[in-house]
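Let's take a friendly walk through the hollows of a protein and the residues around them. Keep the 3D view open beside you as you read.

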Amino acid sequence: MRVKDERKIEVIYQATLQLTQEVGIAGITVAKIAKQANLATGTVYIYFKNKEELINQLYLHLKKQTTQGIFKGVDLKDPLKVCFKKLWLNLLHYKVNHFKESLFVEQYYHSPYITLETKQTASNQMLPLVELLERGKKELVIKDTSNVLLMAITYGFIRQLAIGQQQGKLELTQDILEEAFQMNWDAIKA
C-alpha cells in the first residue's frame, strides 16, 4: 500500500477551501479540486474515495484545529468570566485569522453533505464549552437558559465581528475587543 503524502492532502484541502469560497460546496467537484490543486484527478482519488469523503475529512480536520485554537491557553478551572473571555478571544482571533476555513466549516455544517456521525463528533469536541456554560448557570453567573441561545448570542456576535474585520468595516483594536466582549458578556450574564 502506498504511503499517503500529507503535503498533497494539505494541497487538496486548500484547493477545496478556495473553491468553496468561489462556488460553494455544492459547486465543487473532485475534478475541479484536482485542477485547482494542480494534481491529476486520479491523485485526489488516491486520498479520498469521493467528494463527500473529502469534504467530511476536511471538516473534521478543520473542526479539530478550531477546537484546539479555541481552547489554547484556557484553564477551565479559572473563574468563569476569565475563562469565557479567553475562549471568546481565541474564537474571534481564530475566525479572523482563518476566515476561509471558518466559512467552510459553517457551510458544511449546514449542508446536506454532513452526516449525523460527523455532527456528533464535532459536538463532542465542544463539550468543555457546554460544561463551562453549565457551570456558569450553576454558579448563577450566566443566565439559566438554553445553551443554544447562549451559543447563538456568542457565535453570532463573533461571526459578525470577524466578517466586519474581513470586509474592512471594523478594526478590531484592543478597545473594540474589550467593548465587544463586554457587550457579549452583558448579554449572557445572570
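## The largest pocket

Five helices each supply at least two residues to the lining of the largest pocket: helix H4 (51-71), H5, H6, helix H7 (116-125) and H9. The model you are looking at is predicted. The largest share of this pocket's lining comes from H9, with 7 residues. In total 24 residues line the largest pocket, and those nearest its centre are Lys63, Tyr109, His110, Met151 and Tyr155. The space in this pocket comes to about 750 Å³. What kinds of residue make up the lining of the largest pocket? They divide into 13 nonpolar, 6 polar and 5 charged.

## The chain as a whole

Let's step back for a moment. The protein chain has 10 helices and 0 strands, and from the N terminus on its elements read α-α-α-α-α-α-α-α-α-α. Along the principal axes, the C-alpha atoms fill a box of roughly 55 × 35 × 30 Å. The chain has 190 residues, of which 41% count as buried. It exposes about 10700 Å², and carbon and sulfur atoms supply 55% of that area.

How do parts of the chain that lie apart in sequence meet? Take the contacts with a separation of 6 or more: residues 24 or more positions apart account for 69% of them.

## Two closed spaces

Now for the cavities. There are 2 cavities of 30 Å³ or more, and the largest has a volume of about 120 Å³. It is lined by 13 residues, and the closest to its centre are Phe84, Leu91, Leu129, Thr154 and Tyr155. Helix H5 (80-97), helix H8 (127-138) and helix H9 (147-166) are the elements that give two or more residues to this lining.

Tyr155 is worth finding in your view. This residue is among those closest to the centre of the largest cavity, and it is also among those nearest the centre of the largest pocket.

The second largest cavity has a volume of about 50 Å³. Its lining is made by Lys95, Phe99, Ser102, Leu103, Glu106, Arg159, Ala162 and Ile163. Helix H6 (99-109) and H9 each supply at least two of these residues.

Here are the three spaces side by side, with the helix that gives the largest share of each lining.

| Space | Volume | Largest share of the lining | Lining by class |
|---|---|---|---|
| Largest pocket | about 750 Å³ | H9, 7 residues | 13 nonpolar, 6 polar, 5 charged |
| Largest cavity | about 120 Å³ | H9, 5 residues | 12 nonpolar, 1 polar, no charged |
| Second largest cavity | about 50 Å³ | H6, 4 residues | 4 nonpolar, 1 polar, 3 charged |

Look along the class column. The lining of the largest cavity has no charged residues, whereas the lining of the second largest cavity has 3.

## A closer look at H6

H6 gives residues to the linings of the largest pocket and the second largest cavity. Which residues of H6 are buried? They are Phe99, Glu101, Ser102, Phe104, Val105 and Tyr108. Two of these names, Phe99 and Ser102, also appear in the lining of the second largest cavity. The buried residues of H6 pack against helix H1 (6-23), H4, H5, H7 and H9.

## Two residues to find

Start with asparagine 56, which is found in helix H4. Is asparagine 56 buried or exposed? Its relative accessible area is 13%, so this residue counts as buried, the cut-off being under 20%. The side chains of asparagine 56 and tyrosine 108 are joined by a polar contact of 3.0 Å. Leaving out residues up to four places away in sequence, asparagine 56 touches Tyr108, Thr115 and Thr118. Tyr108 is itself one of the buried residues of H6.

Next, find alanine 122 in helix H7. With a relative accessible area of 4%, alanine 122 is buried too, because that value is under 20%. Leaving out residues up to four places away in sequence, it touches Tyr59 and Lys63. You have already met Lys63, as one of the residues nearest the centre of the largest pocket.

How far apart in space are alanine 122 and glutamine 36? From C-alpha to C-alpha they are 28 Å apart, and in sequence they are 86 residues apart.

Conventions: Residues numbered from 1 in each chain as written. Predicted model: local features only at pLDDT ≥ 70, side-chain atom pairs only at ≥ 80, totals over all residues. Heavy atoms only, no water. 1 Å grid on protein atoms, 1.4 Å probe; cavity = no way out; pocket = protein on both sides within 12 Å on 5 of 7 lines; lining within 4 Å. Points joined across faces, edges and corners; volume = space filled by probe spheres on them. Nonpolar A, V, L, I, M, F, W, Y, C, P; charged D, E, K, R; others polar. Buried < 20%, exposed > 50% of the residue type's maximum accessible area, 1.4 Å probe, protein only. Polar contact = N/O pair within 3.5 Å; in protein donor to acceptor, adjacent residues only side chain to side chain. Contact = heavy atoms within 4.5 Å. Areas by Shrake-Rupley, 256 points an atom, 1.4 Å probe, with all protein chains shown as cover.
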